[in-house]
Structures are given as structure tokens and as C-alpha cells.
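Colleague: I'd love a close look at how the strands in this model fit together, explained for someone who spends the day at the bench.

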Amino acid sequence: AEVWELRSGKKLRAVKFGADSSSAVTALAVYRPGKEYRASDSTSVPLLFAAFADCAIRCWDLAASKARPVVLKGHSKTITCLAVHDLSAVLVSGSEDHSAIVWNALSGEQLRCIAAAHQQPITALAVDSVWRGGELAEHSTWLFTGSADKTVAITDIKTGDCVGQLSAPEGHTGAITAIAVLQQAPDESCLLYTSPSPRDRQKSR
């Protein structure tokens, strides 16, 4: 993996995850702590996560410029997507094995496996907070998973319960390959997802 400075377009460094990570990288995500970096505080360290074709996730400490020894394993098939929710410090991985796994982004501990939402590989995911009346809801973190089965499942990360599912509209012929969640107002979120065909789009509130 390579790290670039967006403003200048300058390549800052190449990231190498160790001799045991020679397989192809299949997904990347970055944990960005919500407070200023302090070397003495492990929760303030920015981290880069990379999923590899060997079904493992490895971690790079961006502040110290070195790989962390932790290796996250739990999927049986290729990991297709990663997402990090900075506020709750969780990492989520989606896989061709039809499951999503929720990890503690700081310790690498597996918190939950969500395996019942889809009948085909997970191809996209996003994580976002739920706000009500300007405050975080009691169960405040939702996982959105898109799949080759042309559906988006919405899961409460804390409980693992499915709180909703969106089916593809007529004419949506391909797998859902990208998901983004936009907070439009304290009481409203907007979910957008796309697939390979330019006509295969849906915007749902």
C-alpha cells in the first residue's frame, strides 16, 4: 500500500505489512482518532488496515511508521471491503463468505459476526451514527452492507439485529459495489448505493 498527500499529490511512503503479507491487497481503511495524537495514548494513533487475499487483515501504525503485530482472521473467503467508524473505534470487514465481521479497531478483538443478512457475497459496506433530536441514539451505530444479491441490509452493530433492508429497484441488474451515508440533518440520513451499470442507482431516505 502507498500513502499520498492529497494536497500536493506527493507520495509520502510505501507501507509494507511484513513478510507474511505477500498476497494481493483487496481492501483498505483508515482509523482516524478524534483527538490529537499523543504517543502515550494508544487510542489516539491513526491506523491503516489492509485486507489481503489470504483472508487476513493487517494493521499499520501511521504515526510510528511500522506494522503492528496483530493479524485479524475470521473470514473463510476473500475480504472485499473494509470500513472504519472513528467515533466508536470499530472496523468492519465484508467478505465473499456472505458475512461481515465487526472488530475493535484498537485491540483487534472480534466483537461480532453478522452472517444472516445476505445470501451472496458482500460487495460494499459503510458504517454511520444514528442521530435523533441532535443527540446520538441509544443504539447509535448502524452497519450498511451491500451484496451481489442486490440488497442493502441495515444492522445495529451493538445488538447484531437487522433493522431494515432495501431491495434493488427494477432495472438494477448488478451487485451493489459502493455505499455512502450522508447526514443531512440531525434527524435524517440519506443512503446512496451504486452498481456497475450507470442506470442502476437508487437514492433512499
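Colleague: Let's start at the beginning of the chain: how many bridges join strand 1 to strand 2, and do these strands run parallel or antiparallel?

Modeller: Happy to help! This is a predicted model, so local features need pLDDT of at least 70 and side-chain atom pairs count only at pLDDT 80 or more, while totals for chains, interfaces and linings use all residues. Residues are numbered from 1 along each chain as its sequence is written, and side-chain values use heavy atoms, with hydrogens and water left out.

Strand 1 (residues 2–5) and strand 2 (residues 10–14) run antiparallel and are joined by four bridges. Strands here are DSSP E runs of at least two residues, numbered from the N terminus, and two of them pair if DSSP finds at least two bridges between them. Across this pairing, tryptophan 4 faces lysine 11 of strand 2. The two strands make a hairpin with four residues between them, and glycine 9 in the turn has a positive phi of about 75°.

Further along, four strands build an open sheet in the order 3-4-5-6, with antiparallel pairing. Strand 3 and strand 6 (66–73) are its edges, each pairing on one side only. Six bridges hold strand 3 against strand 4, and valine 30 lies opposite leucine 48 of strand 4.

Between strand 4 and strand 5 there is a loop that contains cysteine 55. This cysteine 55 has a positive phi of about 75° although it is not a glycine. Cysteine 55 counts as buried because its relative accessibility is 14%, buried meaning under 20% relative accessible area with a 1.4 Å probe, protein chains only.

Now for the interior. The largest nonpolar core (buried Ala, Val, Leu, Ile, Met, Phe, Trp, Tyr and Cys joined through side-chain atoms within 4.5 Å) has 18 residues, and Phe49, Ile57, Leu82 and Leu91 have the most contacts inside it. Strand 3 (25–31), strand 4 (47–52), strand 5 (56–61), strand 7 (79–85) and strand 9 (100–104) each give two or more residues to this core. Isoleucine 57 touches (heavy atoms within 4.5 Å) residues including Phe49, Val71, Leu82, Leu91 and Trp103, leaving aside those up to four places away in sequence. A second, separate core has 12 residues, among them Ala83, Val102, Ile114 and Leu125.

One last detail: the charged end of arginine 58 sits over the ring of phenylalanine 52, 5.0 Å from its centre. That label requires NZ of Lys or CZ of Arg within 6 Å of the ring centre and within 35 degrees of the ring normal.

Technical notes
Buried means under 20% relative accessible area, exposed over 50%, partly exposed in between (1.4 Å probe, protein chains only).
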